[in-house]
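Before the questions begin, please take a moment with the sequence and the model. The turns that follow go through the fold, the sheet, one helix and the charged pairs.

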Amino acid sequence: MVRYKVRIFFVAVCLLAVSGGNALARTPDGKTPSQETICDNEQGAAYGLCNAYCEAMDCDDPNQRASDQGCAAVKANYERKTGRPFLPCEVGCPCIDQLQVFQQIVAGAPVDRCIADSSSIYVVLESGEFAVISDAAPAFCSANNEPPFITLTPNETLACRVTLRRILEASGVVCRSPE
């Protein structure tokens, strides 16, 4: 009888650990760090600190689980290692601020298709207007292939790509590879 109770207790503890582990793997934004890409331009310690701040702790999210002090410490270490005062998740996409087609995408305008490869994203709205983010040197974004062509830093390029992909995925649009 004692062995039976020990086995039940052991099974219960294992189930609790497994289900609790899944709950703990969730971050405030609902995505695990392996599902996010905002830190992909970083290397070494900068990647680890960026991953901790932006993805694991979600310090840029209003629902962060980490303390303000913890986030500040990670940010200070990142700045000390890189000399940069802003982490990639704190950099916005200037295309959204400056180009109407990008603003329409953010606002939920119907998208006809998205074509993406390792160097660019091309989003066509049902209206026929389109937005482009390209990593080609110099990296840029544009709307309808008309001026202004906004030059982007590597972190801005990544922020724009990640922002567009998140918006498109949330609306059920899948970016396809060019054929």
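Helices here are DSSP runs of H or I with at least four residues, and strands are runs of E with at least two, both numbered from the N terminus. The model is a predicted one.

Q: What pattern of helices and strands does the protein follow along the sequence?
A: The secondary structure of this predicted model comes to six helices and six strands. Read along the sequence, these elements follow the pattern α-α-α-α-α-β-β-β-β-β-α-β.

Q: In what order do the six strands form the open sheet?
A: Strands of a sheet pair through backbone hydrogen bonds, either parallel or antiparallel. In this sheet the pairing is mixed, and the edge strands, each pairing on one side only, are β5 (146-151) and β6 (175-176). The full order of the open sheet is β5-β4-β3-β2-β1-β6.

Q: Which residue of β2 is the bridge partner of I115?
A: Strand β1 covers residues 111-116 and strand β2 residues 120-125, and the two run antiparallel, joined by five bridges. In β2, the bridge partner of I115 is Y122.

Q: At about what angle to β2 does α6 run?
A: Helix α6 has 17 residues, 154-170, and reaches 24 Å from its first C-alpha to its last, close to the 24 Å expected at 1.5 Å a residue. The helix lies across β1, β2, β3, β5 and β6. Relative to β2, α6 runs at about 40 degrees.

Q: Which residues of α6 are buried?
A: A residue counts as buried when its relative accessible area is under 20%. R161 falls under that cut-off because its relative accessible area is 13%. The buried residues of α6 are N155, E156, T157, L158, A159, C160, R161, V162, L164 and L168.

Q: Which residue just after α6 takes a positive phi?
A: Helix α6 comprises residues 154-170, and the residue in question lies just after it, with a positive phi of about 85 degrees. That residue is G172.

Q: Which residue forms a salt bridge with R161?
A: Side chains of opposite charge can pair when their charged atoms come close. In this pair the N to O distance is 4.0 Å, and the two residues link distant parts of the chain, 26 residues apart, with R161 in helix α6 and its partner in the loop between β3 (130-134) and β4 (140-143). R161 is buried at a relative accessible area of 13%, whereas the partner counts as partly exposed at 33%. The side chain that meets R161 is that of D135.

Q: How far apart are the closest N and O atoms of K75 and E90?
A: K75 lies in helix α3 (residues 68-82) and E90 in the loop between α3 and α4 (94-98), so that this pair, 15 residues apart, links distant parts of the chain. K75 counts as partly exposed at 23% relative accessibility, and E90 is partly exposed with a relative accessible area of 29%. The closest N and O atoms of their salt bridge are 3.0 Å apart.

Q: What N to O distance is found between D112 and R113?
A: D112 is partly exposed, with a relative accessible area of 44%, and R113 is partly exposed too, at 39%. Their side chains meet in a salt bridge, one of four found in a search of the whole structure. The N to O distance is 2.5 Å.

Q: What percentage of the 179 residues of the protein counts as buried?
A: The accessible surface of the protein comes to about 10,800 Å², of which 56% belongs to carbon and sulfur atoms. With buried taken as under 20% relative accessible area, the share of the 179 residues that counts as buried is 34%.

Conventions. Residues numbered from 1 in each chain as written. Predicted model: local features only at pLDDT ≥ 70, side-chain atom pairs only at ≥ 80, totals over all residues. Heavy atoms only, no water. Expected span 1.5 Å × (residues − 1). Buried < 20%, exposed > 50% of the residue type's maximum accessible area, 1.4 Å probe, protein only. Areas by Shrake-Rupley, 256 points an atom, 1.4 Å probe, with all protein chains shown as cover. Pairing = 2+ DSSP bridges. Contact = heavy atoms within 4.5 Å. Axes fitted to C-alpha atoms, helices over the stretch in contact; angles between N-to-C directions.
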